[in-house]
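Me: Could you walk me through this model, one question at a time? I'd like the reasoning along with each answer.

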Amino acid sequence: MKIGFIGLGNVGAKLASSLLRNKFDLIVRDIDENLTNNFKNKGAKVVNSSRELAENTDLIITCLPSTDACAEVMESEDGVINGLSKNKIWLEMSTTDDSEVKRIGKKVIDKKAFPLDAPVSGGCHRAATGNIAIFVGGDRQAFEKILPILKVMGRKVLHTGDLGTASILKVITNYLASVHLAALGEAWTIA
């Protein structure tokens, strides 16, 4: 399976590096040429547009800093959606809004492709070692098709249900982590 990865920032670079270490056929795209050149030197192919990446891969992974960045990458003239065709899979690994992933997901489905949301939990240090948790929402068969790829990027992989449910679970885990840190701080203060 040919994999395309868009977004080589703090987390994305580490996830994409796990794919390269495990000898997957990888094409990358990022607005920062220094990042793409680094991956090119490690054996990845580099393309000039998100559309070209989607046209030449089976699995398109996005890991971007905001919903606006994701919308631009997906919906622009040279975006992923215009490069999609039947049975391709879009895996959104950014921490995003469930309503936004569903909105874009409808456009992916219109192309007869499969949208999955798959935010990660555990931090950059765990992403670097392939030890991160990955929540995945969307079509179960598409999830199972890419499960071996997910297991290379993360140790704990959970299918959460319909598209958008993984994004909701990610927000809940962020909330619980924040509450836990606040409680821990209070406990240390009292101690």
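What follows is a set of short questions and answers on this predicted model.

Me: To get started, how many helices and strands does the secondary structure of the protein chain come to?

Reply: Some background on the chain before the count. Buried residues make up 45% of its 191 residues. Among contacts between residues at least 6 apart in sequence, 62% join residues at least 24 apart. As for the secondary structure, the tally is eight helices and nine strands.

Me: Strand 5 and strand 6 are joined by bridges; do they run parallel or antiparallel?

Reply: Strand 5 covers residues 89–92 and strand 6 covers residues 114–117, with four bridges joining them. I89, for instance, has F114 as its bridge partner in strand 6. The chain gets from strand 5 to strand 6 through helix 5 (residues 98–110), in a β-α-β crossover that is right-handed. The direction of the two strands is parallel.

Me: And which residue in strand 8 is the bridge partner of D117?

Reply: Here strand 6 pairs with strand 8 (residues 132–138) over two bridges. That pairing is antiparallel. The partner of D117 in strand 8 is G137.

Me: Turning to helix 4, why are its buried residues on the same side?

Reply: The buried residues in question are C70, A71, V73 and M74. D68 and E72 are exposed on the other side of helix 4. The cover over the buried residues includes strand 1, helix 3, strand 4, strand 5 and helix 5. The buried residues are on the same side of helix 4 because the arc they cover around the axis is only 170 degrees.

Me: What residue in helix 4 forms a salt bridge with K107?

Reply: K107 is in helix 5, and its partner in helix 4 is 32 residues away, so the pair links distant parts of the chain. Both ends are partly exposed: K107 has a relative accessible area of 35%, and its partner has 29%. The closest N and O atoms are 2.6 Å apart, and the partner is E75.

Me: How far apart are the closest N and O atoms in the salt bridge between D98 and K102?

Reply: D98 and K102 are four residues apart in helix 5, so about one helical turn separates them. D98 is partly exposed at 22% relative accessible area, and K102 is also partly exposed, at 37%. Elsewhere, salt bridges with shared partners join E75, E100, R103 and K107 into one network. For D98 and K102, the closest N and O atoms are apart by 3.9 Å.

Me: What about E55: which residue does it form a salt bridge with?

Reply: E55 is in helix 3 (residues 50–55), and its partner is four residues away in that helix, so they are separated by about one helical turn. E55 is partly exposed, at 43% relative accessible area, and the partner counts as partly exposed at 27%. With the closest N and O atoms 3.3 Å apart, the partner is R51.

Me: How many salt bridges does a search of the whole structure find?

Reply: Those we have been through include E55 with R51, K107 with E75 and D98 with K102. The search of the whole structure brings the count to seven.

Me: Is S49 buried or exposed?

Reply: S49 is in the loop between strand 3 and helix 3. Its side chain reaches the backbone nitrogen of E52 at 3.0 Å. Leaving aside neighbours within four places in sequence, S49 is in contact with R29 and D78. Its relative accessible area is 10%, and the cut-off is under 20%, so S49 is buried.

Me: One last spot: which residue caps the N-terminal end of helix 2?

Reply: Helix 2 spans residues 33–41, and it is followed by G43, whose phi is positive, near 115 degrees. At the N-terminal end, a side-chain oxygen of the capping residue lies 2.9 Å from the backbone nitrogen of N34. The residue that caps helix 2 there is D32.

Methods. Residues numbered from 1 in each chain as written. Predicted model: local features only at pLDDT ≥ 70, side-chain atom pairs only at ≥ 80, totals over all residues. Heavy atoms only, no water. Pairing = 2+ DSSP bridges. Right-handed = clockwise from strand over helix to strand, strands pointing away. Salt bridge = Lys/Arg side-chain N within 4 Å of Asp/Glu carboxyl O. Buried < 20%, exposed > 50% of the residue type's maximum accessible area, 1.4 Å probe, protein only. Polar contact = N/O pair within 3.5 Å; in protein donor to acceptor, adjacent residues only side chain to side chain. Contact = heavy atoms within 4.5 Å. Arc of directions from axis to C-beta.
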